[in-house]
Amino acid sequence: MRHTTAAAAVTTALCAAALACSTQAAPPRAPVGPPEPPARFTARVTPVPQEKLGASYRVGCPVPPERLRLIRMNHRGFDGRTHMGEMVVNENAVRPVLHVFERAFEARFPIRRMRVMAEYRDDASAMADDNTSAFNCRPVTGDPRRLSQHAWGDAVDINPVENPYVDIRGVVHPPNARAHLRRSPVRPGQIHRDDAVSAAFREVGWQWGGRWANRDYQHFSANGE
């Protein structure tokens, strides 16, 4: 009888302990934020809504809006993370541009930011913000007599601060890029002749302004202008 009583007591104690454990508060969970963009290159191409053009387009530009495309794609940032960006290009530039930025993504080449030009007051403010962009119906920076190749949507500027442009008068654009006129030692976000970005543009037949007499390290275009 005493054995039965003892066994019952043990069983009661075990059940009580299990109940106590089950009623303890669960450890707090870490807050759940928005999911990280995928760690592989992704892109989506659509027609360009009017609000994504803004003042970057005006009547009389050489390419009508219906021949432009909005690319939403991810890119590596200077923080080592993956970010989503937007760029407007000519419909004929979609394939080469996607090829280049996929290669840049795979090489972990950092891009500061990638926003449509409609988000900026003008080209100068976009360059100072280190914005990577393509279509913008505007004159050549530093030479208002000529229309920029960006007006056709088949030219791209990448990391303007890390890759400055020196115009025909010797002015550096953007002004906060002057330190990057020194190309050695190589710093993150800079473009050089034999790096992944330059190689990818050569593969699609585009040319680099970094080889011009007036260096334009940020600039690539389909026709070399």
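Visitor: Where is the place of Arg108?

Guide: Arg108 is placed in the loop between H2 and helix H3 (123-128); helices (H or I, at least four residues) and strands (E, at least two) are DSSP runs, numbered from the N terminus. Arg108 has a positive phi of about 60 degrees although it is not a glycine. This is a predicted model, in which local features need pLDDT of at least 70 and side-chain atom pairs count only at pLDDT 80 or more, while totals for chains, interfaces and linings use all residues. Residues are numbered from 1 along each chain as its sequence is written, and side-chain values use heavy atoms, with hydrogens and water left out.

Visitor: Which loop holds Asn159?

Guide: Asn159 lies in the loop between E6 and strand E7 (165-166). Its phi is also positive, at about 45 degrees, although Asn159 is not a glycine.

Visitor: What makes H2 and H4 roughly antiparallel to each other?

Guide: Helix H2 (residues 94-106) and helix H4 (residues 196-203) pack at an angle of about 155 degrees, with their axes 9 Å apart. Axes are lines fitted to C-alpha atoms, for helices over the stretch in contact, and angles run from 0 to 180 degrees between N-to-C directions. Angles under 35 degrees count as roughly parallel, over 145 as roughly antiparallel, 65 to 115 as roughly perpendicular and the rest as oblique. H2 and H4 are therefore roughly antiparallel.

Visitor: Which residues make the contact of H2 and H4?

Guide: H2 contributes His99, Val100, Arg103 and Ala104, and H4 contributes Val197, Ala200, Phe201 and Glu203, contact meaning heavy atoms within 4.5 Å. By class, this contact has 5 nonpolar, 1 polar and 2 charged residues. Ala, Val, Leu, Ile, Met, Phe, Trp, Tyr, Cys and Pro count as nonpolar, Asp, Glu, Lys and Arg as charged, and the others, Gly among them, as polar.

Visitor: What lies across E1, E2 and E3?

Guide: H2 lies across these strands, running at about 5 degrees to E2. The strands form an open sheet in the order E1-E2-E3, with antiparallel pairing.

Visitor: Why is one side of E1 and of E3 left without a neighbour in the sheet?

Guide: E1 and E3 stand at the edges, each with a single partner strand, so one side of each has no neighbour in the sheet.

Visitor: How do you know that E1 and E2 pair?

Guide: Two strands pair if DSSP finds at least two bridges between them. E1 and E2 are joined in the antiparallel sense over 5 bridges, so the criterion is met. One of the partnerships sets Val45 against Ile71 in E2.

Visitor: What makes E9 and strand E10 a pair?

Guide: E9 is joined to strand E10 (residues 219-221) by 2 bridges, so the requirement of at least two is met. Gln207 stands opposite Ser221 in E10.

Visitor: Why is the meeting of Arg67 and Glu91 called a salt bridge?

Guide: A salt bridge is a side-chain nitrogen of Lys or Arg within 4 Å of a carboxyl oxygen of Asp or Glu. The side chains of Arg67 and Glu91 meet at 3.6 Å, N to O, so the pair qualifies. Arg67 lies in the loop between strand E1 (43-47) and strand E2 (68-76), and Glu91 in the loop between strand E3 (82-90) and H2, 24 residues apart. By this rule the count comes to 16 salt bridges.

Visitor: Which residues does the cis peptide bond with omega of about -10 degrees join?

Guide: That bond joins His173 and Pro174, and Pro174 is placed in the loop between strand E8 (172-173) and H4. The peptide bond from Ser184 to Pro185 is also cis, with omega near 0 degrees, and Pro185 lies in the loop between E8 and H4.
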